[in-house]
Amino acid sequence: DKKLADDLLLIQELSTHYQKERIRQGAMIWQPNEYKLQVDEEENIRVSPVPLDSPARSLVAECMIMAGAMTARFCAQNSIPTVFRVQSNTARKRKRKDLSTRPSIAEIYDQFRGMKPANLKIQPDQHSGLGVEQYVQITSPIRRYQDLVLHTQLRAYAQRGKPAMRAQALLELFSELEERQRSNGRAMRRSRNYWALRYYAGKVGGIVEGEVTEVDHRVAKVFLLDTGYIAHWIPGRSVSPGEVVKLKITAVDAENQHLILFPA
């Protein structure tokens, strides 16, 4: 349908412009490579890369950020109690690299390490990581209860001119939900790491490629390029972030989250 195609092209043009403006405001738009781990009933594990930076993914992501920023501005302008996600400028001063084109995985992690974590406030303020003046999460009411609460808050304001909850009550609720969400995130990471290690358990003796993301004294963190698993490796020689290395899988203990790697 030509009209639909024209509408999508217009939305894509707007989202591209919006992303460029966010980058000018200091946004960090890149994420490390993503992988999908699928486990069948017989515990066979299949790993597949998620397409990076496709136009469709970028369009959806930008529209979601735009919706969150516009909703935040609407709430601030109309004194509607809400919970803003706020992130101040980077935690330590550094020369910001040009991130208009995709950087290396090591550079992405380096930028993340220089950012303060986002926190919750009932007063609007900037979200530096997204490059917007104010921001709320609003676009996922099916999977995130906080978003559903804000939908209810806006619906009450639109229908009765009075929000459903006061600001402090919202903040207390969101703080509790935030902690549960962090706990869920930790459980998901442990589960993902477990199955990634089970995947490597079937490849003992094989070779895996990885990119060094950080070096701390004698230990290097390595982003394994076939699963995204972050391995700890003692190289025994000088290595630098961004260096791609080939490693031999020597031993795996999925239960205790251990992966032993040696130079290939």
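Q: Let's start with Glu 43: is it buried, partly exposed or exposed?
A: Glu 43 is partly exposed, with a relative accessible area of 41%. Keep in mind that this is a predicted model.

Q: OK, and where does Glu 43 sit?
A: Glu 43 is in the loop between strand 1 (35–39) and strand 2 (45–49).

Q: What's up with its phi?
A: Glu 43 has a positive phi, about 65°, although it is not a glycine.

Q: Now Gln 257: what is its phi like?
A: Gln 257 isn't a glycine either, and its phi is positive too, at about 60°.

Q: Which strands flank Gln 257?
A: Its loop runs between strand 8 (244–253) and strand 9 (258–263).

Q: And how accessible is Gln 257?
A: Its relative accessibility is 29%. Buried means under 20% and exposed means over 50%, so Gln 257 counts as partly exposed.

Q: Switching to helices. How do people describe two packed ones?
A: They give the angle between the axes and the distance between the axes.

Q: So what are those values for helix 1 and helix 2?
A: The axes of helix 1 and helix 2 come within 9 Å and cross at roughly 65°.

Q: Why call helix 1 and helix 2 roughly perpendicular?
A: Angles of 65 to 115 degrees count as roughly perpendicular, so the pair gets that label.

Q: Left-handed or right-handed crossing?
A: Helix 1 passes helix 2 in a left-handed crossing.

Q: Do tell me about pockets. How much space is in the second largest one?
A: The second largest pocket holds about 360 Å³. It is lined by 14 residues, and the closest to its centre are Tyr 18, Ala 69, Gly 131, Val 132 and Glu 133.

Q: Which helices help line that second largest pocket?
A: Helix 1 (2–24) and helix 2 (55–77) each supply at least two residues of the lining. Helix 2 gives the largest share, 4 residues.

Q: What classes of residue are in the lining of the second largest pocket?
A: You'll find 5 nonpolar, 5 polar and 4 charged residues there.

Q: Last topic: how many cavities of 30 Å³ or more are there?
A: The structure holds 1 cavity of that size. The largest cavity has a volume of about 40 Å³.

Q: Which residues line the largest cavity?
A: Val 83, Arg 85, Leu 120, Gln 137, Gln 146, Phe 174 and Glu 178 line the largest cavity. By class, its lining divides into 3 nonpolar, 2 polar and 2 charged residues.

Notes:
Residues are numbered from 1 along each chain as its sequence is written. This is a predicted model: local features need pLDDT of at least 70, side-chain atom pairs count only at pLDDT 80 or more; totals for chains, interfaces and linings use all residues. Side-chain values use heavy atoms; hydrogens and water are left out. On a 1 Å grid over the protein atoms alone, a cavity is a set of points where a 1.4 Å probe fits but cannot get out, and a pocket is an open set with protein on both sides within 12 Å along at least five of seven lines; lining residues have an atom within 4 Å of a point. Grid points are joined across faces, edges and corners, and a volume is the space filled by probe spheres set on the points. Ala, Val, Leu, Ile, Met, Phe, Trp, Tyr, Cys and Pro count as nonpolar, Asp, Glu, Lys and Arg as charged, and the others, Gly among them, as polar. Buried means under 20% relative accessible area, exposed over 50%, partly exposed in between (1.4 Å probe, protein chains only). Axes are lines fitted to C-alpha atoms, for helices over the stretch in contact, and angles run from 0 to 180 degrees between N-to-C directions. Angles under 35 degrees count as roughly parallel, over 145 as roughly antiparallel, 65 to 115 as roughly perpendicular and the rest as oblique. A crossing is left-handed if the near helix is turned anticlockwise from the far one by less than a right angle, and right-handed if clockwise.
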